[in-house]
Amino acid sequence: WAARGFDLLATVEDQVYGGVTAERPGCTEAVEETRGEIAVHEGRPILAFYSSTCGGHTAGVDEVWRRPASPYLRGVRDIGRGAEASFCHISPQFRWKETWTAKEFDSILQKNLPRVRSGWSAKRYGRFTGLSIRGRSDSRRASCLRLQFERGSVDLAGDEIRWVLRRKNGEGLRSALLTDAGVSRRKKRPAMVTIQGQGFGHGVGMCQYGAMGMAEAGYRHDEIVRHYYR
């Protein structure tokens, strides 16, 4: 954020840290007991991406961002052998649902779409008329979410989906692991937009709730690291 004159945002975009009063003894103990240990690939520290809740399957780095594929940042199923539920099913964000009125949704698009599609404008494309999932990645995240307008359409991919389709509180959509997306209509015009999904965050690398679930199931810290970073 150097161009804006500061280093960190006090939001999820830079991982909210609540200060010393938010720390917990168990977390401090884990940090102290693993002091000096580091994950490396070909002799270099790994890019240890992580997110809150993968929703049952982590994402490959090339699925989410315009980065080349990485051997240790591949999508993995967040489940143990013989288990019936994902490790991160304990997360309150494992499944979610968002709804907007068509007017609210149109306003969100007008505000956020120009940031990722410089040629888009409400004047040029007209009103929002519908949306649909047109493609999925290996981890079942939406690789193509099509937004339909009166005069044309726009396809969003990867993490773009989260930062264009923001929630009513202004925060990004929880995840691109969408299970359903649709529009209800009144007199043939959009009335309500509903999106359902799983997980919270980009999904690349370690799943924080999944790591907690693995620890509670008796996995060691090195097993947890190797599960998420192959």
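Lys187 is found in the loop between strand 8 and strand 9 (189-198), where helices (H or I, at least four residues) and strands (E, at least two) are DSSP runs numbered from the N terminus. This is a predicted model, in which local features need pLDDT of at least 70 and side-chain atom pairs count only at pLDDT 80 or more, while totals for chains, interfaces and linings use all residues. Residues are numbered from 1 along each chain as its sequence is written, and side-chain values use heavy atoms, with hydrogens and water left out.

Let us stay with that loop for a moment. Phi of Lys187 is near 55°, a positive value in a residue other than glycine. Lys188 lies in the loop between strand 8 and strand 9 as well, and Lys188 has a positive phi of about 70° although it is not a glycine. Are Lys187 and Lys188 buried or exposed? Lys187 is exposed, with a relative accessible area of 80%, and Lys188 counts as exposed at 79%. Here buried means under 20% relative accessible area, exposed means over 50%, and partly exposed is in between (1.4 Å probe, protein chains only).

Here are some residues from elsewhere in the chain, with their accessibility.

| Residue | Place | Relative accessible area |
|---|---|---|
| Arg66 | loop between helix 2 (61-64) and strand 4 (95-101) | 79%, exposed |
| Asn112 | helix 3 (residues 102-116) | 3%, buried |
| Gly172 | loop between helix 5 (160-164) and strand 8 (178-186) | 5%, buried |

What do the buried residues touch? Contact means heavy atoms within 4.5 Å. Leaving aside residues up to four places away in sequence, Asn112 touches Trp163, Val164 and Arg166. With the same exclusion, Gly172 touches Arg162, Trp163, Leu165, Arg166 and Arg167.

Two C-alpha separations help to place the loop residues. Gly172 and Val225 are 53 residues apart along the chain, and their C-alpha atoms are separated by 27 Å. For Arg66 and Leu178, 112 residues apart along the chain, the C-alpha separation is 20 Å.

Now to a helix pair. Two packed helices are described by the angle between their axes and the distance between the axes. Helix 6 (residues 208-216) and helix 7 (residues 221-228) pack at an angle of about 140°, with their axes 10 Å apart. That makes helix 6 oblique to helix 7. The axes are lines fitted to C-alpha atoms, for helices over the stretch in contact, and angles run from 0 to 180 degrees between N-to-C directions. Angles under 35 degrees count as roughly parallel, over 145 as roughly antiparallel, 65 to 115 as roughly perpendicular and the rest as oblique.

Which residues make the contact? Helix 6 contributes Gly210, Ala211, Met214 and Ala215, and helix 7 contributes Glu223, Ile224, His227 and Tyr228. By class, this contact has 5 nonpolar, 2 polar and 1 charged residues. Ala, Val, Leu, Ile, Met, Phe, Trp, Tyr, Cys and Pro count as nonpolar, Asp, Glu, Lys and Arg as charged, and the others, Gly among them, as polar.

Finally, the cysteines. How many disulfides does the structure hold? The structure holds 0 disulfides, a disulfide being a pair of cysteine sulfur atoms within 2.5 Å. Cys207 is in no disulfide, and the nearest cysteine sulfur, that of Cys54, is 3.8 Å away. Cys207 is buried, with a relative accessible area of 0%, and Cys144 is buried at 15%.
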